[in-house]
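Here is a short briefing to read alongside the structure, which is a predicted model. The notes are grouped by topic, so feel free to jump to whichever part you need.

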Amino acid sequence: MASEEQKQLEQHEALLERIKSREPINTEWLDEIMHSADIVAVLDDDAINDEDLKWFFNQDDKEFLADVLEDADDALQARVVHQLAYSDIIRIFSFMPNDEIADILGDLPIDSRKRLLKMMKASDSRELQVLLGYEDNTAGGLMTTEYIALYQDLTVVQALMKIREIAPKTEVIETIFVLNRKRQLVGWADLRDILSEDPATLLEDIMDPNVVTVDPLLDQEETAQVVRKYDLTALAVVNRRKSLLGIVTADDIMDVMVEEQTEDILHMGGVSGEEEIGGEIGTSIKRRLPWLCVNLITAFIAASAIAIFDSVIAQVAALASVMTIVSGMGGNAGSQTLSVAIRGITLGEINLKDDWPLVFKEIALGALNGAAIGLITGIIIYFRYHNIYLGMVVVMAMVGNLVIAGVSGYLIPLVLEKIGQDPALSSSIFLTTMTDTCGFFIFLGLAKLFLPLLV
């Protein structure tokens, strides 16, 4: 593993040096020794400036450059496109799938986008304009128009001739979509099945009519759930007339899942999904400070619960240190449930309407975990303060707070999702408020009840 990493590092440094010194590059040789993703890493190096990018993407092998550009992230793609002449961009685009081109065009100024579209072939321009008409986070925004669709009345031999003709221009060739003469999607066939059938067999006789489709306006997260549920390599996107508009491929779905997962993780921390660690400090403050202010408000709510029992704490100083254990364990337990619940929502496995009875499982789980953790904590507290009643209070408070943590961690994201809010965005804030406030209130309330035995 170390030798492979060393090799990649050496290749990185060698290509970086070659670009900076403007040494001629044999792209065919480079394509053999380095993956396009590793080449992108070199181009994204801080040492590479815009002039270096321009020089690299002015190489003659536009098909090679198209592979590299396709693997680049949005920021690098934008830098490259702004450095190149329109004619060079069009030549590189000619080797790229339309959905990737649409993503790049969508980030360009309108004037540049229109000029590039006018320079393209009319058929490509029309397809791209259709793709650009959909929001990026929808099935229509994800789909590509480069697929194989054949009429159902073709024979196998006719179908194979069409596939041979169309295949070089498509992203997916193993899944063949089948249309009727009204161009409506009526089924699909696997290339393997077509190859193994008698040449005179009609496609309609070997196709599977149970084809999974989605509307182009379906959210990308729900689109990913459909692909995952049915284990698809290509998902058909159709309009209301069942006309095939395009397909969403598995590699695009993988990008969506990574994007959604990253967004959820950042949102759970109260951070915008668009923020980067090396971004401007003013932007980071703008995106983080509002959530810190919300957290401050919830902290005051928890503090007010403590203030109610000031007199109790004054009489039993040990309560001040012990109560943080109860609230902290509640927060940890709630976070466990919250993570599982958000994952279930993301994968489409749970919803509030059908799965709210599972809250009883969380009650039982909270009670059992609370009893176990509470017993361990209670024993430690007994040996620390030599008061068995303080240990009993800890056990009861731990059970109560872990039950509340489980219920809150399960219901909060479901309720937020039900009212149309991102369950990952603010669930942790509400959860912390519940576990801290209830933890303090339960523990100090029980301490007040048993006060004569604690003093």
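Strand β2, residues 175-179, is largely enclosed by the rest of the structure, because five of its five residues are buried. The points below start from that strand and its partners, then move on to a separate topic, the open sheet of β4, β5 and β6, and end with the salt bridges.

**Strand β2 and its surroundings**

- Both faces of β2 are covered. On one side the buried residues are T175, F177 and L179, and on the other they are I176 and V178.
- β2 runs parallel to strand β1 (residues 149-151), and three bridges join the two.
- Within that pairing, Y151 has L179 in β2 as its bridge partner.
- To get from β1 to β2, the chain passes through helix α12 (residues 156-166), and this β-α-β crossover is right-handed.
- Strand β3 (residues 185-190) also pairs with β2, here in the antiparallel sense and over five bridges.
- T175 finds its bridge partner in β3 at D190.
- The hairpin of β2 and β3 has five residues between the strands, and R183 in this hairpin adopts a positive phi near 65°.

**The open sheet of β4, β5 and β6**

- Three strands make up this open sheet, in the order β4-β5-β6 and with mixed pairing.
- β4 (213-214) and β6 (244-249) stand at the edges with a single partner strand each, so one side of each has no neighbour in the sheet.
- β4 and β5 (residues 234-238) run parallel and are joined by two bridges.
- V214 sits opposite V237 of β5.
- As background, strands of a sheet pair through backbone hydrogen bonds, in either a parallel or an antiparallel way.

**Salt bridges**

- How many salt bridges does a search of the whole structure find? The search finds six.
- As a general reminder, side chains of opposite charge can pair when their charged atoms come close.
- R79 and D50 meet through their side chains in a salt bridge, at 3.0 Å from N to O. This pair links distant parts of the chain, since R79 lies in helix α6 (residues 74-83) and D50 in helix α4 (residues 50-56), 29 residues apart.
- R79 counts as partly exposed at 27% relative accessibility, and D50 is partly exposed too, with a relative accessible area of 33%.
- Another salt bridge brings together the side chains of R91 and D88, at 3.8 Å from N to O. Both residues belong to helix α7 (residues 86-93), where being three residues apart separates them by about one helical turn.
- Is D88 buried or exposed? D88 is buried, because its relative accessible area is 15% and the cut-off for buried is under 20%. Its partner R91 counts as partly exposed at 43%.
- The side chains of R181 and D153 form a salt bridge as well, at 3.0 Å from N to O. Here too the pair links distant parts of the chain: R181 is in the loop between β2 and β3, D153 is in the loop between β1 and α12, and 28 residues separate them.
- R181 counts as exposed at 53% relative accessibility, whereas D153 counts as partly exposed at 37%.
- K20, R22 and D52 are joined into one network by salt bridges that share partners.

Conventions
Residues numbered from 1 in each chain as written. Predicted model: local features only at pLDDT ≥ 70, side-chain atom pairs only at ≥ 80, totals over all residues. Heavy atoms only, no water. Pairing = 2+ DSSP bridges. Helix = DSSP H or I, 4+ residues; strand = E, 2+ residues; numbered from the N terminus. Buried < 20%, exposed > 50% of the residue type's maximum accessible area, 1.4 Å probe, protein only. Right-handed = clockwise from strand over helix to strand, strands pointing away. Salt bridge = Lys/Arg side-chain N within 4 Å of Asp/Glu carboxyl O.
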